[in-house]
Amino acid sequence: MNSPNSASTEMNDELDPRLEAAVWSVLSEPIPREAIERVKSQALSLDGQQPFVVRNSRSVFWNHRWAKVGALAACLVLIFGVLAMLPTRDAFAQVIDNIRKLSTAKFTIEINGANNLVALASVKTPDRLRLDFQAPGQPVNITNGVAGELIAFDTNSNQVSVNEIPKANSNYDILKLLQKPDIHAVVSKEENTISGTQLYDILDGQGKIWVDMLTQLPKRIEMTPPTGSGATRIVYRDFDWDVPLDESLFAIPAGKTIVRSSLLASPKEAELVAAFVIRQAFSKEPYESSFLDKSTKPGLRLGQLAYDLTKNQAENYQIQSAKLQSDWNVIGISQSEASDPALVQKRIDFLCMKLDQWAGEIARKGGWVGTGVRPGESKPLCWWQDGSRIRVLRSDLTIVDADQPPASN
């Protein structure tokens with residue numbers, strides 16, 4: 001990481017709160033907000049000491065790479081969400097019925113903020129989106145929910161970034177987004193300057209929609225958020241509905257070097273076990289009630305446990321090796337990787353982020369019951385619902401099925 005002075009502008013761009021919110025909206029919170037807050041709050045304070053958060057460049061990099069696609073993709077969700085909320089009677093009934101019959105669309109998005117981002121959007125249901133930014137140096141961004149991939153590349157580069165995401169995410173399925181209209185639009189009293197359209201006010205006057213009177217499909221949409229909201233004006237224009245879109249548009253381009261990351265993927269049970277292995281290697285104290293509480297940032301605390309800021313990287317590596325060498329395989333480190341301090345720390349960083357994910361998963365689908373349990377005991381620590389199963393992690397680091405949630409210890 002660079003010095004605080006040289007990195008401050010870039011960091012602020014990467015972690016803009018509005019873009020953070022957009023990322024969460026688009027990705028259905030694949031990583032709890034605490035994960036980003038952890039990176040943001042610690043990056044500069046730990047700078048120069050090579051702590052776990054700073055050196056995990058991916059945890060910051062994905063914000064920069066995907067914040068822009070997240071912002072625009074959230075706008076895409078909003079546009080169809082707006083259409084979904086239009087009434088199903090009278091003229092709008094035909095608009096909604098027409099869109100429900102379509103599976104593809106192309107249009108231009110403009111975000112009139114400081115950077116004035118413009119992108120050509122291509123959408124193919126279910127949940128496939130491509131954004132071609134109309135500016136030099138801006139990458140192509142593709143969300144392929146069918147394949148479970150976020151893809152980004154510069155047309156002038158031979159490298160492509162591929163982030164794994166949960167499959168079957170319905171955020172981009174325009175058909176589903178159009179099935180639950182629940183508010184009413186009104187004919188606008190403003191002068192309509194686009195011939196052949198009917199102009200309507202939507203979302204309590206915060207948006208306008210121009211509907212082509214011949215096709216009964218949207219032609220232009222403008223969203224102007226309230227003053228002081230921190231959001232920017234967004235325009236959707238030049239709609240081309242039901243156009244042929246080849247699957248190759250939403251796939252990894254051939255002939256490029258692929259750099260993969262699973263940071264955004266759904267958390268795996270093996271990663272939860274690996275995070276607890278690290279905790280138990282560095283502390284034999286009983287688990288406290290707040291260990292997996294999202295508000296206490298479990299990933300950050302685990303990282304601090306595994307990396308002593310008063311020591312340098314070499315000293316920390318010696319400590320990590322001594323405590324984890326018998327568990328390299330369990331935490332996902334090969335013997336060759338175990339000899340590289342940077343790779344060891346990178347894996348620890350990754351598992352810290354995954355623990356944050358698990359904190360969110362368990363908060364939504366289960367609970368923590370391991371207060372006072374000592375490492376190695378065959379007592380439950382936490383549980384979560386996995387389909388029809390109840391999964392229980394015990395302090396001996398085994399995961400078992402249960403008929404009902406375990407009681408607190």
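Trainee: How many bridges join strand β14 to strand β15, and in which sense do the two run?

Mentor: Start with the general idea. Strands of a sheet pair through backbone hydrogen bonds, either parallel or antiparallel. In this predicted model, β14 (residues 380-386) and β15 (residues 389-394) run antiparallel and are joined by six bridges. For one position, look at Asp386, which stands opposite Arg389 in β15.

Trainee: Which sheet do these strands belong to, and what is its strand order?

Mentor: An open sheet of four strands, ordered β13-β14-β15-β16. The pairing is antiparallel.

Trainee: Which strands stand at the edges?

Mentor: β13 (366-368) and β16 (399-402). Each has a single partner strand, so one side of each has no neighbour in the sheet.

Trainee: By how much are neighbouring strands of this sheet turned against each other?

Mentor: On average by 25°, with direction ignored.

Trainee: Where does Leu397 lie, and what is its phi?

Mentor: Leu397 sits in the loop between β15 and β16. Its phi is near 65°, a positive value in a residue other than glycine.

Trainee: Which helix lies across β13, β14, β15 and β16?

Mentor: Helix α8 does. It runs at about 20° to β15.

Trainee: How do I describe α8 against another helix?

Mentor: Two packed helices are described by the angle between their axes and the distance between the axes. Take α8 (residues 269-282) and α9 (residues 298-306). Their angle is about 45°, and their axes are 10 Å apart. That makes α8 oblique to α9. The crossing of α8 past α9 is left-handed.

Trainee: Which residues make that contact?

Mentor: From α8, Ala275, Ile278, Arg279 and Phe282. From α9, Leu302, Leu305 and Ala306. By type, the contact of α8 with α9 has six nonpolar residues, no polar and one charged.

Trainee: At what angle do α8 and α11 cross, and how close do their axes come?

Mentor: The axes of α8 and α11 (residues 341-365) cross at roughly 115° and come within 9 Å. Angles of 65 to 115 degrees count as roughly perpendicular, so α8 is roughly perpendicular to α11. Here too, α8 passes α11 in a left-handed crossing.

Trainee: Which residues of α8 and α11 make the contact?

Mentor: The α8 side supplies Glu269, Glu271, Leu272, Ala274, Ala275, Phe276 and Ile278. The α11 side supplies Ile348, Phe350, Leu351, Lys354, Leu355 and Trp358. The contact of α8 with α11 divides into ten nonpolar, no polar and three charged residues. Ala275 and Ile278 appear in the contact with α9 and in the contact with α11.

Trainee: Where is Leu263, and is it buried or exposed?

Mentor: Leu263 is in the loop between β12 and α8. Its relative accessible area is 3%, so Leu263 is buried. Check its spacing to Met353 as well. The two are 90 residues apart in sequence, yet 7.7 Å apart in space, C-alpha to C-alpha.

Trainee: What is the strand order of the sheet that holds β12?

Mentor: That open sheet has twelve strands, in the order β7-β8-β9-β10-β11-β1-β2-β3-β4-β5-β6-β12. Its pairing is mixed. β7 (186-187) and β12 (257-261) stand at the edges. Each has a single partner strand, so one side of each is left without a neighbour.

Trainee: How many bridges pair β9 with β10, and β10 with β11?

Mentor: β9 (residues 207-212) and β10 pair antiparallel over five bridges. β10 (residues 218-223) and β11 (residues 234-241) are also antiparallel, over three bridges.

Trainee: Which residues can I use to trace those pairs?

Mentor: Begin at Gly207, whose bridge partner in β10 is Met223. Met223 in turn has Ile234 as its bridge partner in β11. Further along, Ile221 has Tyr236 as its partner in β11.

Trainee: What do β9 and β10 form, and how many residues are between them?

Mentor: A hairpin, with five residues between the strands. Gln216 is in the turn. Its phi is near 55°, a positive value in a residue other than glycine.

Trainee: Is Gln216 buried or exposed?

Mentor: Buried means under 20% relative accessible area. Gln216 has 18%, so it counts as buried.

Key
Residues are numbered from 1 along each chain as its sequence is written. This is a predicted model: local features need pLDDT of at least 70, side-chain atom pairs count only at pLDDT 80 or more; totals for chains, interfaces and linings use all residues. Side-chain values use heavy atoms; hydrogens and water are left out. Axes are lines fitted to C-alpha atoms, for helices over the stretch in contact, and angles run from 0 to 180 degrees between N-to-C directions. Angles under 35 degrees count as roughly parallel, over 145 as roughly antiparallel, 65 to 115 as roughly perpendicular and the rest as oblique. A crossing is left-handed if the near helix is turned anticlockwise from the far one by less than a right angle, and right-handed if clockwise. Contact means heavy atoms within 4.5 Å. Ala, Val, Leu, Ile, Met, Phe, Trp, Tyr, Cys and Pro count as nonpolar, Asp, Glu, Lys and Arg as charged, and the others, Gly among them, as polar. Two strands pair if DSSP finds at least two bridges between them. Buried means under 20% relative accessible area, exposed over 50%, partly exposed in between (1.4 Å probe, protein chains only).
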